[in-house]
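Here is a structure to read with some care. The questions below ask how its labels follow from their definitions.

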Amino acid sequence: MAGILQIVRKPASIVTEIRNMILRLPRPPREIAVPLETLAHTLAARESVYVDCSHSMCCRSAKLDMQALTGRLEPGHRSMHQDLVGLFVCSHCKAAGRDRRPVFLHS
């Protein structure tokens, strides 16, 4: 009977053993995406940038022509989300008379 009691473990010790096994597993290397600072950097890296309408009746997405955008603004213009988001309006929502909603940029 004493042998049976020695085999049975407390649930907390099993959880601790499983946690320790997981912590010993090798972790994959982490890649940190560095945002491109200017339109020239984005154009040189051949990144595709999309703008999405956030209106629930629309939800359209369009790929930006980075060459035209760089020519229209300037190559040194910052290309971060907060720098570009105010420049775009959904033309479909505007034509339909919907209220202006924010757009979102992503690559």
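Q: Why is the sulfur of Cys58 not counted as bonded to the closest cysteine sulfur?
A: The closest cysteine sulfur, in Cys90, is 3.7 Å away, whereas a disulfide is a pair of cysteine sulfur atoms within 2.5 Å, so the sulfur of Cys58 is too far from it for a bond. This is a predicted model, in which local features need pLDDT of at least 70 and side-chain atom pairs count only at pLDDT 80 or more, while totals for chains, interfaces and linings use all residues. Residues are numbered from 1 along each chain as its sequence is written, and side-chain values use heavy atoms, with hydrogens and water left out.

Q: How many disulfides does the structure hold?
A: The structure holds zero disulfides. Cys93 is in none either, the nearest cysteine sulfur, that of Cys53, being 3.6 Å away.

Q: What makes Cys93 count as buried?
A: Buried means under 20% relative accessible area, exposed over 50%, and partly exposed in between, with a 1.4 Å probe and protein chains only. Cys93 has 5% relative accessibility and therefore counts as buried, and Cys58, with a relative accessible area of 16%, is buried too.

Q: Why are strands S1 and S2 called paired?
A: Two strands (DSSP runs of E, at least two residues) pair if DSSP finds at least two bridges between them. S1 (residues 50-53) and S2 (residues 61-63) have three bridges, in the antiparallel sense, and Ala62 is the bridge partner of Val51. S1 is also joined to S3 (residues 103-106) by four antiparallel bridges, where Cys53 stands opposite Val103.
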